[in-house]
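Dear colleague,

I am handing over the structure that we spoke about, and I would like you to look through it slowly before you read on. My notes on what was found follow after it.

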Amino acid sequence: MNAPPSQASAVNPDLDLGKLNIKAMPRVLGRLTRLSFRYPWQWLFALACALGSAIFNLITPRLLGRAVDQAHHLLIDGHTHPEETRSAFLQLTPELFGLATRQAYELVIDGHAHVASPRAALLATALMIVAACALRGTLTGLQGYFGEVVAQRVGYDLRLAFFEKLQRLSFGFHDANHSGDLIARGMLDLEGVRAFLESGVLRALVLLLLVGVGAWRLLGMDLRLGLIALSFVPFVAWRATRMGLLLRLSWQRLQQLMSDLTLAMEENLQGVRVVRAFASKALELAKFDQTAQAALLLANRRITLRMGSMSQMAFAYYTAMGLVLWVGGQRVSDGLMSVGGLTEFLTFMTILQQPIRQVGMIVNSSSRAASAGSRLFEVLDAEADIQDAPGAQALALAQGVLRFENVDFAYRLGRGGRKILSDISFEVGPGKTLGIVGPPGSGKSTLAHLIPRFYDVSFGRITLDGQDIRDVTLDSLRRAVGLVQQEVFLFDVSAHDNVAYAEPWAEEQRVVEAASIAQIHEHVAGLPDGYGTRVGERGVALSGGQRQRMSIARGLLAGRAILVLDDSTAAIDAATEQRVRSSLRNAVSGRGTIIIAHRLSSLLHADEILVLDQGRIVQRGTHAELLRAGGTYAELWALQNRADAPPPRRKKSPVLEVA
């Protein structure tokens with residue numbers, strides 16, 4: 001099992017922004033945004049709602065300022081003594097945020113104002129404020145709803161495309177990428193993309209409109225006071241941007257740690273019996289805890305970073321507000337500004353505070369979406385090594401003759417991959433059985449993987465009925481080749497569904513026949529629910545031999561023209577294997593069969609046997625011919641027969657006979 005990274009490498013206290021690929025952000029974010037255009041009406045409606053909400057946000061300060069000025073006129077008309085008017089203003093000032101209209105109306109009633117026109121104007125302004133707030137709330141809700149709709153649909157499309165691409169990518173890709181990382185990409189990275197589409201784009205547009213139009217309005221009213229009111233914006237925006245980028249960098253590291261944790265948990269769940277057998281629970285727990293502790297330290301650093309930045313931004317905001325109150329109050333006292341104008345400044349600052357703070361969220365969301373999108377697109381844009389050639393036609397089966405012609409093969413993992421197979425040539429046709437033997441690492445399983453074209457040959461060619469398998473469609477080729485692999489994988493479904501996996505709609509009788517040939521029917525029939533019994537994850541409810549026999553049944557049911565059995569009886573006892581082989585001879589009499597085996601007794605009936613050593617055919621012939629020729633095959637046969645022979649009986653000693 002893979003060891004997790006050390007804490008020192010996982011959590012570096014110095015977060016270097018240079019490690020973020022900021023240059024790639026426009027390209028990736030632009031591509032993600034274009035995905036939302038697949039749903040133009042929902043996207044445009046969400047955009048219109050966001051802009052409408054921003055407009056009503058900008059209208060509200062203006063309406064509140066007007067309401068306060070109207071209340072001012074009413075107070076002047078309703079109170080003849082200047083000190084009473086001043087006292088009323090002092091009572092009104094603390095309520096300028098949120099409840100200004102209601103307090104102004106109460107002051108009008110308490111003051112017994114007799115001027116109908118200002119009172120009606122104040123009432124009209126109050127109704128406009130209520131309407132503006134109601135419309136703003138409605139549009140904000142619709143923006144969130146339709147933004148979520150578009151994000152969820154794009155997430156659905158990406159999720160299906162990602163899973164479909166994983167199904168098409170060749171074995172070479174999966175050899176180079178561990179499953180924990182791919183799962184993290186399909187789950188965590190996709191969620192990061194979806195969150196950006198849901199709120200990041202719309203928030204950015206609303207923020208630009210609020211700052212742009214609001215700044216134009218404030219600077220137009222009073223240049224000096226406007227600059228003071230907006231003084232916190234650059235600092236908060238800078239601080240929020242830096243916080244967002246640092247959070248993004250820490251999230252990338254945390255994401256990698258979560259990928260490592262996923263891999264560790266997946267491996268330990270699959271290998272739990274090995275862990276228990278070697279009493280390695282403490283070791284595995286220590287390894288898992290090491291990565292989990294690194295993730296915890298990084299999460300704590302993220303909290304410290306966020307809280308420190310938020311405190312600095314709040315201090316800058318309230319400092320700017322205090323200055324506006326001080327300078328604006330003096331200008332009101334000097335008669336250079338109305339109280340309503342000061343109210344508009346303060347209200348706009350209150351409205352702008354939260355969107356400016358969200359700059360960090362927008363930057364974080366955008367940076368996260370850029371890195372997550374890059375990781376997703378790495379998979380989505382990956383070209384499969386094995387794919388249909390241009391103009392490939394479906395395989396036209398006639399007799400089902402498989403031929404290897406001077407085949408060489410080398411894996412392409414890194415530079416200068418070692419050649420696995422060299423100059424392999426053979427032919428197997430209907431009703432013929434080809435046996436393949438050789439020591440471990442001689443290339444037997446690799447040869448089997450070349451037949452359904454899991455990998456492409458490096459030299460030579462493989463033909464089926466004279467057609468190069470690289471010139472036919474993969475789907476038609478793999479429907480003609482049945483491969484029962486050495487490593488058995490069963491799904492956590494019923495026994496019936498596992499046998500019928502290649503043909504899910506196969507009749508029950510065919511499933512039973514295939515299971516009977518594989519000598520697994522009696523066991524399955526005796527299970528609590530028969531063929532409806534779940535076999536557990538990876539077939540944990542069955543023994544190794546039972547899993548292999550169920551895998552053989554699955555390969556037989558498909559009825560392929562070529563059947564390849566890759567050491568598929570290694571876990572089956574000798575007596576059961578003989579029954580399986582006997583049943584198989586009748587079942588596959590009309591198709592070509594390739595049997596890879598370690599037990600030479602399994603190949604006695606083979607029409608030809610190939611002996612591989614270091615990727616080359618060192619001997620070939622029937623069982624009898626190979627024994628007469630001597631060499632590697634004869635030595636293996638003698639060795640296995642000696643191992644299978646009963647131990648010689650010990651002779652009685654003369655002493656015991658006398659006794």
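Does E608 count as buried, partly exposed or exposed, and at what relative accessibility? Please keep in mind while you look that this is a predicted model. E608 counts as partly exposed, because its relative accessibility is 22% and the label "buried" is kept for residues under 20%.

The partner of E608 is worth finding next. E608 forms a salt bridge with R620, and the closest N and O atoms of the two are 3.0 Å apart. E608 lies in strand β9, which covers residues 608–613, while R620 lies in strand β10, which covers residues 616–621, so this pair ties together parts that are 12 residues apart in sequence. R620 is partly exposed as well, with a relative accessible area of 40%.

With that pair in view, you can step back to the whole chain. The protein chain has 23 helices and 10 strands, and of its 659 residues, 48% count as buried. The chain exposes about 33400 Å², of which carbon and sulfur atoms supply 58%. If you take the contacts in the chain with a separation of 6 or more, 78% of them are accounted for by residues 24 or more positions apart.

Among the strands, please look at the open sheet that 4 of them form, in the order β2-β1-β4-β5, with antiparallel pairing. Its edge strands are β2 (419–428) and β5 (467–468), each of which pairs on one side only. Inside that order, strand β1 (residues 402–410) and strand β4 (residues 459–464) run antiparallel and are joined by 5 bridges. To find your place between these two strands, you can start from D408, which stands opposite F459 in β4.

The edge strand β5 also holds a residue that I would ask you to inspect, namely D468. D468 counts as buried, because its relative accessibility is 10%, and the limit for that label is under 20%. The side chain of D468 reaches the backbone nitrogen of R470 at 2.9 Å. Leaving aside residues up to four places away in sequence, D468 touches R461, I462 and T463.

Salt bridges appear elsewhere too, and the count for the model comes to 19. One residue to follow is R510, which forms a salt bridge with E503, where the closest N and O atoms are 2.9 Å apart, and another with E507, where the closest N and O atoms are 3.9 Å apart. The second of these distances still qualifies because a salt bridge needs the nitrogen within 4 Å of the carboxyl oxygen. Each of the three residues counts as partly exposed: E503 at 24% relative accessibility, R510 at 32% and E507 at 48%. Elsewhere in the chain, a network of salt bridges links E148, E191 and R194.

When you go through the structure yourself, I suggest beginning with E608 and R620, then turning to the sheet with the order β2-β1-β4-β5, and finishing with R510 and its partner E503.

With kind regards

Conventions:
Residues numbered from 1 in each chain as written. Predicted model: local features only at pLDDT ≥ 70, side-chain atom pairs only at ≥ 80, totals over all residues. Heavy atoms only, no water. Buried < 20%, exposed > 50% of the residue type's maximum accessible area, 1.4 Å probe, protein only. Contact = heavy atoms within 4.5 Å. Areas by Shrake-Rupley, 256 points an atom, 1.4 Å probe, with all protein chains shown as cover. Pairing = 2+ DSSP bridges. Salt bridge = Lys/Arg side-chain N within 4 Å of Asp/Glu carboxyl O. Polar contact = N/O pair within 3.5 Å; in protein donor to acceptor, adjacent residues only side chain to side chain.
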